[in-house]
Amino acid sequence: LRYAEETITRAVTGGRHHPLKQLPAEEVKKKAERKISVPLHIEVIRGDITQIQAPVIVIGHYKGVAPVSAEGAIDKALNYWISRADQFGIIGADLGELFFIPVNGGKIAAKAVLFAGMGEPGKFRKDDLRYLMTNVTYAVAALGVDTFASVLIGSGEGSISRKHALY
């Protein structure tokens, strides 16, 4: 599993070294000293997701479940495009799958929506959230964007607790 994760990470970030190659301890220490720490800024806002000004907003999506709550609000703002796309199988929702929807015409405040596949309803867990948000972060970074907004993915009915969704 670790090898697969590192291989995917290397592919996304353009890394060249082999993940299982052992570096001398001195080299590891030098690389660690060179790493620049980037502060993470998190702001919690309670409000209408369609009005959040961000380059990208991220919404979780369960396989086979019609848009409700925040996803439903975005669907309505986009003239139910999401419902139609889901009905025709355009949007994948297996765990970790991402689907990017550019938004034109100011229908919502964000410039794009990123649907994050949560898999089968009732099976989403804390470790799945970590995996999903890793995929989201890599995808957003690949777009050259350093800011995104997200609903509290995984905290809906029958899912994980709000506390665990925040961690």
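Aspartate 75 touches Pro67, Tyr80, Trp81, Ile82 and Ser83, leaving aside residues up to four places away in sequence. The model is predicted. Aspartate 75 is buried and has no salt bridge. Elsewhere, Lys63, Asp94 and Glu120 are linked in a network of salt bridges.

**Aspartate 75**
- Helix H3, residues 69-77, holds aspartate 75.
- The nearest side chain of opposite charge belongs to arginine 84, 6.6 Å away. A salt bridge requires a side-chain nitrogen within 4 Å of a carboxyl oxygen, so aspartate 75 has none.
- A polar atom of the aspartate 75 side chain lies 3.4 Å from the backbone nitrogen of tryptophan 81. Trp81 is also among the residues that aspartate 75 touches.

**Salt bridges**
- The whole structure contains two salt bridges.
- One pairs aspartate 94 with lysine 63, with the closest N and O atoms 2.6 Å apart. This pair links distant parts of the chain, 31 residues apart. Aspartate 94 sits in the loop between helix H4 (81-87) and strand E2 (98-102), and lysine 63 in the loop between strand E1 (56-61) and H3.
- Lysine 63 also forms a salt bridge with glutamate 120, where the closest N and O atoms are 4.0 Å apart. Glutamate 120 lies in the loop between strand E3 (112-117) and helix H5 (126-142), so this pair ties together parts that are 57 residues apart in sequence.

**Exposure of the network**
- Lysine 63 is partly exposed, at 36% relative accessible area.
- Aspartate 94 is partly exposed, at 34%.
- Glutamate 120 is partly exposed, at 38%.

Methods:
Residues numbered from 1 in each chain as written. Predicted model: local features only at pLDDT ≥ 70, side-chain atom pairs only at ≥ 80, totals over all residues. Heavy atoms only, no water. Helix = DSSP H or I, 4+ residues; strand = E, 2+ residues; numbered from the N terminus. Buried < 20%, exposed > 50% of the residue type's maximum accessible area, 1.4 Å probe, protein only. Lys, Arg positive; Asp, Glu negative; His and termini not counted. Polar contact = N/O pair within 3.5 Å; in protein donor to acceptor, adjacent residues only side chain to side chain. Contact = heavy atoms within 4.5 Å.
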